[in-house]
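Grab a pencil and work through these exercises with the model open beside you. Each task comes with a solution in steps.

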Amino acid sequence: MPIENERKFVLNDDGGLEARVGAAPGVERSLLQQAYLDSAGVRIRSVEGPDGTRHVFTYKCTVDGQVVEIETAISASDFARLWTRRQQSLSKVRYSWPDGAFHWDVDFFKRDDGSTYFAQAEVEMPEDDTEPPPLPALLAGHLLATVPAGDSRFASKYLTDQAHAQRLLADIHRKGRIE
């Protein structure tokens with residue numbers, strides 16, 4: 001089974017973080033257009049990266065406390081058809097790199113004008129790992145909070161709602177942590 005085992009970290013975007021992450025050696029940039037459909041656990045994604053654009057259909061569900069994630073490529077025309085059925089959608093710029101047994105993604109969630117309204121890192125860990133590795137030095141000074149495992153408030157599906165994302169940030173700034 002393709003088990004997704006990740007941890008998330010809310011970042012403080014100082015307006016220059018994205019440029020610094022993008023300039024780091026070995027980091028790959030991609031633009032994601034993502035939508036959630038009218039069926040639970042189903043999303044589509046267009047990923048524009050250095051090798052062109054690809055389209056992906058994903059199904060996620062939790063089984064025995066683990067998230068099973070199944071992804072498959074779809075055509076651009078199927079993506080366009082399914083896009084008309086979206087319930088929520090978002091645009092984000094993602095920076096990715098491998099780090100030994102781990103894989104890091106840093107997402108900058110974008111408004112229609114291209115400005116960032118939320119920044120979050122996530123590390124994909126081996127299936128049996130329970131503790132995330134330390135944040136890379138590039139991100140460590142920007143950590144606002146480590147997201148508790150399984151806290152769905154920080155899932156991209158809910159971060160499509162910019163007001164929700166802003167409330168989460170305000171709450172973290174006020175309390176100094178995630179409650």
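**Exercise 1. Find the bridge partner of Leu31 in S4, then place S3 among its neighbours.**

- Step 1: Leu31 has Glu48 as its bridge partner in S4.
- Step 2: Zoom out to the strands, which are DSSP runs of E with at least two residues, while helices are runs of H or I with at least four, both numbered from the N terminus. S3 pairs with S4 (residues 42-49) in the antiparallel sense, over 6 bridges. Two strands count as paired if DSSP finds at least two bridges between them.
- Step 3: In the hairpin of S3 and S4, 5 residues sit between the strands, and Gly41 has a positive phi near 80°.
- Step 4: S3 (residues 28-36) also pairs with S7 (residues 88-99), antiparallel over 9 bridges. There, Tyr36 stands opposite Gln88.

A word on the source: this is a predicted model, where local features need pLDDT of at least 70 and side-chain atom pairs count only at pLDDT 80 or more, while totals for chains, interfaces and linings use all residues. Residues are numbered from 1 along each chain as its sequence is written, and side-chain values use heavy atoms, leaving out hydrogens and water.

**Exercise 2. Write down the strand order of the open sheet and name its edge strands.**

- Step 1: The 10 strands run S1-S6-S5-S4-S3-S7-S8-S9-S2-S10, with antiparallel pairing.
- Step 2: S1 (3-4) and S10 are the edges, as each pairs on one side only.
- Step 3: Check one pair: S2 and S9 run antiparallel and are joined by 6 bridges, with Val10 opposite Gln120 in S9.

**Exercise 3. Work out which residues of H5 are buried and which are exposed.**

- Step 1: Check the length. The 14 residues of H5 (residues 162-175), at 1.5 Å a residue, should span 20 Å, and the end C-alpha atoms are 20 Å apart, so the two agree. (The expected span is 1.5 Å times one less than the number of residues.)
- Step 2: His164, Ala165, Leu168, Leu169, Asp171 and Ile172 are buried, meaning under 20% relative accessible area; exposed is over 50%, and partly exposed lies in between (1.4 Å probe, protein chains only).
- Step 3: Seen down the axis, the buried residues of H5 fall within an arc of 160°, so they line one face of the helix. The arc is taken from the directions from the helix axis to the C-beta atoms.
- Step 4: Arg167, His173 and Arg174 are exposed on the other side of H5.
- Step 5: Past the end of H5 comes Gly176, with a positive phi near 75°.
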